[in-house]
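Q: I have this structure open on my screen. Please pick one part of the fold, take a close look at it with me, and then work outward from there in one connected tour.

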Amino acid sequence: IIDACLIGMMSVWDVPIDAASFICLAMAVGLSVDYVVHLSHAVAEQKSSGVADQVSMALDHIGASILKGGLSTFFGICCLAFAVSEVFRLFFKMLFGIVALGLLVGFYLFPSLLLLTHGLKQRLAQAQAPISNNH
């Protein structure tokens with residue numbers, strides 16, 4: 001998902017498809033999955049009964065740390081935006097997109113899909129449950 005969105009951002013920002021952009025696309029997989037993995041581990045560690053409560057408690061517990069990690073990465077690459085070299089500016093554009101999209105997926109898409117799939121799983125289990133005539 002991140003790479004598909006990055007390719008779209010590349011066309012908007014007129015980033016050419018070359019070796020440097022392919023390196024950034026490969027890095028995107030590792031960098032952006034980090035946010036989701038930390039959040040999913042925090043969700044799995046919560047001892048609440050409902051998935052919505054687990055997600056909420058996980059976001060309360062580790063959400064600020066994930067955001068700080070993303071912001072520190074962004075602040076670390078800000079100097080690349082003002083570089084004279086086109087390659088450094090390309091890395092800034094790509095890494096900015098990776099961090100922004102990674103945080104969006106981690107904070108919005110992943111929890112939403114987790115809640116949606118859990119709800120669908122419950123409905124499917126209820127639909128497949130045998131109907132009992134015992135009242």
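A: Happy to. Let's start at I66: leaving aside its neighbours within four places in sequence, I66 is in contact with Y35, H38, L39, L103 and F107. Please keep in mind as we go that this is a predicted model. I66 belongs to helix α3, which covers residues 51-77. With a relative accessible area of 8%, I66 is buried, because anything under 20% counts as buried. One of the contacts just named is worth a distance check on your screen: I66 and L39 are 27 residues apart along the chain, and their C-alpha atoms are separated by 8.0 Å.

From there, move to another buried position, S32. This serine sits in helix α2, and its relative accessible area is 7%, so S32 is buried. If you leave aside the neighbours within four places in sequence, S32 is in contact with I2, I98 and G102. You can also draw a line from S32 to A100: the two are 68 residues apart in sequence, yet their C-alpha atoms are 9.0 Å apart in space. For a contrast, try T117, a residue of helix α4. T117 is partly exposed at a relative accessible area of 45%. Its C-alpha lies 27 Å from that of G69, with the two positions 48 residues apart in sequence.

The contact of S32 with I2 leads us to helix α1, residues 2-12, where I2, L6 and M10 are the buried residues. Looking down the axis of α1, these buried residues fall within an arc of 80°, so they line one face of the helix. The general rule behind such a pattern is simple: an α-helix has 3.6 residues a turn, so residues three or four places apart point the same way. What covers the buried residues of α1 includes α2 (19-45) and α4. Turn the helix around and you reach the face directed away from the buried side, which carries the exposed residues A4, S11 and V12.

Follow the chain out of α1 and pause at D14. Here, just after the helix, phi is near 55°, a positive value in a residue other than glycine. That is worth a second glance, since most residues other than glycine have a negative phi. D14 is part of the loop between α1 and α2, and its relative accessible area of 66% makes D14 exposed.

The loop also holds W13, which brings us to the aromatic rings. There are four aromatic pairs in the structure. In one of them, the rings of W13 and F96 have centres 6.0 Å apart and planes at 45°, so this pair is tilted. W13 is in the loop between α1 and α2 while F96 is in helix α4, so the pair ties together parts that are 83 residues apart in sequence. Both partners are partly exposed: W13 has a relative accessibility of 30%, and F96 has a relative accessible area of 29%. If you select W13, F74, F75, F92 and F96 together, you will see a cluster linked by ring pairs.

Since F96 has taken us into helix α4 (residues 86-128), let's look at two more features there. Among its residues are E86 and R89, which form a salt bridge with their closest N and O atoms 2.5 Å apart. The structure holds one salt bridge, so this is the one to mark on your screen. E86 and R89 are three residues apart in α4, separated by about one helical turn. Each of the partners is partly exposed, E86 with a relative accessible area of 46% and R89 with 27%.

Our last stop is further along α4, at L113. This leucine is partly exposed, with a relative accessible area of 40%. L113 joins I1, L109, L116 and L120 in a nonpolar patch on the surface, and together they offer about 460 Å² of accessible area. So that you can find your way back, here is the route: the buried I66, the buried S32, the lined face of α1, the positive phi of D14, the ring cluster, the salt bridge of E86 with R89, and the nonpolar patch.

Definitions and conventions:
Residues are numbered from 1 along each chain as its sequence is written. This is a predicted model: local features need pLDDT of at least 70, side-chain atom pairs count only at pLDDT 80 or more; totals for chains, interfaces and linings use all residues. Side-chain values use heavy atoms; hydrogens and water are left out. Patches are made of residues with over 30% relative accessible area and no salt bridge: like charges are joined within 9 Å, nonpolar side chains (Val, Leu, Ile, Met, Phe, Trp, Tyr) within 5 Å. Accessible areas come from the Shrake-Rupley method with a 1.4 Å probe; for residues, only the protein chains shown count as cover. A salt bridge is a side-chain nitrogen of Lys or Arg within 4 Å of a carboxyl oxygen of Asp or Glu. Helices (H or I, at least four residues) and strands (E, at least two) are DSSP runs, numbered from the N terminus. Buried means under 20% relative accessible area, exposed over 50%, partly exposed in between (1.4 Å probe, protein chains only). The arc is that of the directions from the helix axis to the C-beta atoms. Contact means heavy atoms within 4.5 Å. Rings of Phe, Tyr and Trp (its six-membered ring) pair if their centres lie within 6.5 Å; planes under 30 degrees apart count as stacked, over 60 as edge-to-face and the rest as tilted.
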